Amino acid sequence: MIALVDYGAGNLTSVRKALSALGAEFTTPASPDGLKGSSAVIVPGVGHFAATSALDDPWRDAIGSAAHQGTPLFGICVGMQWLFDGSDEAPGVAGLGVMKGQIARLDGDAGQRLKVPHVGWNALDFTRTARLLRGLDTGAQVYFTHSYAAPVTSECVAATTHANTFAAAVERDNVFGVQFHPEKSGDAGLQILRNFLDLVLVGDAD
């Protein structure tokens with residue numbers, strides 16, 4: 001059973017629909033105790049990084065503990081940003097810190113008509129082989145909507161450029177994240193979700 005964390009960040013319905021379409025069994029725990037025994041944890045999110053402040057110490061401890069014990073953890077959009085140390089968007093709100101680095105605002109480029117927020121379809125540039133990206137080719141198009149993004153670090157498995165080049169997908173051991181919305185990214189997005197579910201089912205996420 002996959003635990004889908006609800007902290008009021010918005011895109012829960014679309015994630016639920018995508019997981020249901022793939023035949024996944026999931027629950028939305030009412031408290032951190034509900035994460036116990038979960039086969040995986042998904043942290044979705046849209047909007048402002050400050051929304052993650054609802055993931056208070058009990059939630060942080062439960063999610064962090066699950067990840068450290070090898071439970072697959074998948075962050076989506078703001079949920080991916082929360083995996084890092086923190087964000088310039090909400091300086092007083094700490095991230096989970098399982099990925100090192102600070103989330104920063106995209107610059108945009110008026111001359112190239114690249115506006116912020118970055119909204120729409122863009123290509124993934126694969127930076128290394130990744131289990132999360134199985135079955136896809138570099139250049140695959142996915143759907144973004146965001147103003148802030150993670151740096152390209154050793155955990156980055158796919159980058160995207162919108163004036164800035166940023167981490168679009170990250171993967172390390174049993175921790176995964178995507179800046180885009182796989183549940184709104186057509187076949188490519190469903191393949192990424194399917195890959196994550198396959199890792200959970202076969203126990204190959206560490």
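Here are some exercises with worked solutions on this protein, which is a predicted model.

**Exercise 1: the overall build**

Work out how many helices and strands the protein has, and why it counts as being as compact as a globular protein of its length.

*Solution.*
- Start with the secondary structure: you should find four helices and 13 strands.
- Next, look at the radius of gyration, which is 16 Å. The globule rule gives 17 Å for 206 residues, and the two values are close, so the protein is as compact as a globular protein of that length.
- For the extent, follow the C-alpha trace along its principal axes: the spans are about 50 × 40 × 30 Å.

**Exercise 2: inside and outside**

Find what percentage of the residues is buried, and what share of the exposed area comes from carbon and sulfur atoms.

*Solution.*
- Buried means under 20% relative accessible area. With that cut-off, 53% of the 206 residues are buried.
- Now turn to the surface. The protein exposes about 8,700 Å², and carbon and sulfur atoms supply 48% of that.
- While you're counting, try the charges: there are 14 positive and 21 negative ones, and their mean positions lie 4 Å apart.

**Exercise 3: the two sides of a helix**

Take helix α1, residues 12-21, and decide which of its residues are buried and which are exposed on the other side.

*Solution.*
- Go through the helix and pick out the buried residues: Leu12, Val15, Ala18 and Leu19.
- Look down the axis of α1. The buried residues fall within an arc of 130°, so they line one face of the helix.
- Flip to the other side, where Lys17 and Ala21 are exposed.
- Then ask what covers the buried residues. The cover includes strands β1, β2, β3 and β4, along with helix α4.
- Finally, step past the end of α1 to Gly23, which has a positive phi near 80°.

**Exercise 4: three residues, three settings**

Sort Ala167, Glu155 and Leu114 into buried, partly exposed or exposed.

*Solution.*
- Keep the cut-offs handy: under 20% is buried, over 50% is exposed, and partly exposed is in between.
- Ala167 sits in strand β12. Its relative accessibility is 0%, so Ala167 is buried. Beyond its sequence neighbours within four places, Ala167 has contacts that include Met80, Val152 and Cys156.
- Glu155 is in the loop between β10 and β11. At 13%, Glu155 is buried too. Residues touching Glu155 include Met99, Arg128 and Glu171.
- Leu114 belongs to the loop between β6 and β7. With 23%, Leu114 is partly exposed. Its contacts, leaving out neighbours within four places, are Gly108, Asp109, His162 and Ala163.

**Exercise 5: unusual backbone spots**

Look for backbone values that go against this rule: most residues other than glycine have a negative phi, and most peptide bonds are trans.

*Solution.*
- Check Cys77, in the loop between β4 and α3. Cys77 isn't a glycine, yet its phi is positive, near 55°. With a relative accessible area of 2%, Cys77 is buried.
- Now check Arg113, in the loop between β6 and β7. Arg113 isn't a glycine either, and its phi is positive at about 60°. Its relative accessibility is 77%, so Arg113 is exposed.
- Last, try the peptide bond from Val116 to Pro117: it is cis, with omega near 10°. Pro117 is also found in the loop between β6 and β7.

Key
Residues numbered from 1 in each chain as written. Predicted model: local features only at pLDDT ≥ 70, side-chain atom pairs only at ≥ 80, totals over all residues. Heavy atoms only, no water. Rg over C-alpha atoms; globule rule 2.2 N^0.38 Å. Buried < 20%, exposed > 50% of the residue type's maximum accessible area, 1.4 Å probe, protein only. Areas by Shrake-Rupley, 256 points an atom, 1.4 Å probe, with all protein chains shown as cover. Lys, Arg positive; Asp, Glu negative; His and termini not counted. Charge placed at Lys NZ, Arg CZ, Asp CG, Glu CD. Arc of directions from axis to C-beta. Contact = heavy atoms within 4.5 Å.
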